[in-house]
Amino acid sequence: MMTRRLLQLLIGLAMYGISLAMFIRAGLGLDPWDVFHQGLAVKTGLSIGTIVVIVSFLVLLLWIPLRQWPGIGTLCNAVLVGVFADVGLALIPEFSHLGGQAGMLAGAIVLNGIASACYIGARLGPGARDGLMTGLAHRTGWSVRTSRTGIEIVVLGAGWLLGGSVGIGTVLYALAIGPLVQLLLPRFTVPELNKPVPVPSVDPAVAAP
């Protein structure tokens with residue numbers, strides 16, 4: 001069972017990184033955290049994958065006062081999503097016409113939803129950004145949705161000011177990713193040994209790494 005969980009985790013994180021590259025190539029807007037990542041990449045000249053890795057470990061430092069502890073999935077998430085984002089950008093061409101951009105955006109949203117369900121369902125630890133949101137909710141008494149909304153408003157605004165891409169893709173992602181992950185998560189959650197397959201009550205608000 002652990003072999004399956006590790007394999008599912010790694011596949012999910014690889015798909016997540018590739019979906020990020022697809023969002024960028026679509027050119028129609030990114031999710032809030034990736035608007036921030038792209039904005040930092042624009043300002044620093046570093047690849048967006050490198051920025052994703054750096055930000056992930058900086059966010060993990062914020063776990064310390066929140067008394068959160070990373071799992072193996074957390075650490076793999078912090079490294080592999082950025083690596084595969086850069087791989088995807090090296091392989092996926094840019095599109096100059098709206099039809100191709102729209103198709104790429106739709107594929108990115110679907111792949112991101114599958115990827116999120118895979119790595120969450122592996123039950124090997126949340127992503128750095130997930131843990132920040134849930135940790136903040138636990139320490140402050142806010143709901144997870146309130147914590148997520150507050151954090152994402154901040155990173156979206158900062159990313160936009162830094163030059164990150166905000167557009168229709170940002171809106172569509174926000175509307176689609178929660179229901180998509182909620183639909184897929186029961187199908188990808190690895191059951192505990194000798195126990196029936198659970199139907200997770202995971203809030204879609206914690207779907208992003």
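In this predicted model, helix α8 tucks a good part of itself away: Gly169, Thr170, Tyr173, Ile177, Gly178, Leu180, Val181, Leu184 and Leu185 are buried. What covers these buried residues includes α1, α5 (98-121) and α7 (144-162). End to end, α8 has 21 residues and reaches 29 Å from its first C-alpha to its last, close to the 30 Å expected at 1.5 Å a residue. There is a kink, though: about 35°, at Ala176, shortly before the proline Pro179.

Tyr173 is worth a stop. It counts as buried because its relative accessibility is 2%, below the 20% cut-off. Its ring pairs with that of Phe23, and this is one of three aromatic pairs in the count. The centres of the Phe23 and Tyr173 rings are 5.6 Å apart and the planes sit at 80°, so this pair is edge-to-face. It also links distant parts of the chain, with Phe23 in helix α1 (residues 2-26) and Tyr173 in helix α8 (residues 168-188), 150 residues apart. Phe23 is buried too, since its relative accessibility is 1%.

Another pair is made by Trp33 and Phe36. Here the centres are 6.2 Å apart and the planes at 75°, so this pair is edge-to-face as well. Where does this pair lie in the chain? Both residues belong to helix α2 (residues 32-44), three residues apart, which is about one turn of the helix. That spacing fits the general picture: an α-helix has 3.6 residues a turn, so residues three or four places apart point the same way.

Here are the two pairs side by side:

| Pair | Centre distance | Plane angle |
|---|---|---|
| Phe23 and Tyr173 | 5.6 Å | 80° |
| Trp33 and Phe36 | 6.2 Å | 75° |

Trp33 has a relative accessibility of 5% and so counts as buried. Phe36, at 18%, counts as buried too, because the cut-off is under 20%. Trp33 has a further partner: Arg129 lies over the face of its ring, at 5.2 Å from the ring centre.

Arg129 brings us to helix α6 (residues 128-140), which has 13 residues and reaches 18 Å from its first C-alpha to its last, close to the 18 Å expected at 1.5 Å a residue. Arg129 is itself one of the buried residues of α6, alongside Ala128, Asp130, Gly131, Leu132, Met133, Gly135 and Ala137. What do the buried residues of α6 pack against? The list is α2, α3 (48-66), α4, α5 and α7. After α6 comes Gly141, with a positive phi, near 85°.

Now for one residue of α6, Gly131. It counts as buried because its relative accessibility is 0%. Leaving aside neighbours within four places in sequence, Gly131 is in contact with Trp63, Gln68 and Pro126. Ile24 is another matter: the C-alpha atoms of Gly131 and Ile24 are separated by 25 Å, and the two residues are 107 apart along the chain.

Trp63 and Pro126 turn up again in the surroundings of Thr74, a residue of helix α4 (residues 72-91). Is Thr74 buried or exposed? At 0% relative accessibility, Thr74 counts as buried. Again leaving aside neighbours within four places in sequence, Thr74 is in contact with Leu60, Trp63, Leu124, Gly125, Pro126, Gly127 and Ala128. Among these contacts, Ala128 is one of the buried residues of α6.

Key. Residues numbered from 1 in each chain as written. Predicted model: local features only at pLDDT ≥ 70, side-chain atom pairs only at ≥ 80, totals over all residues. Heavy atoms only, no water. Helix = DSSP H or I, 4+ residues; strand = E, 2+ residues; numbered from the N terminus. Buried < 20%, exposed > 50% of the residue type's maximum accessible area, 1.4 Å probe, protein only. Contact = heavy atoms within 4.5 Å. Phe/Tyr/Trp six-rings, centres within 6.5 Å; stacked < 30°, edge-to-face > 60°. Lys NZ or Arg CZ within 6 Å of the ring centre and 35° of its normal. Expected span 1.5 Å × (residues − 1). Bend = angle between axes of the 7 residues up to and from the residue.
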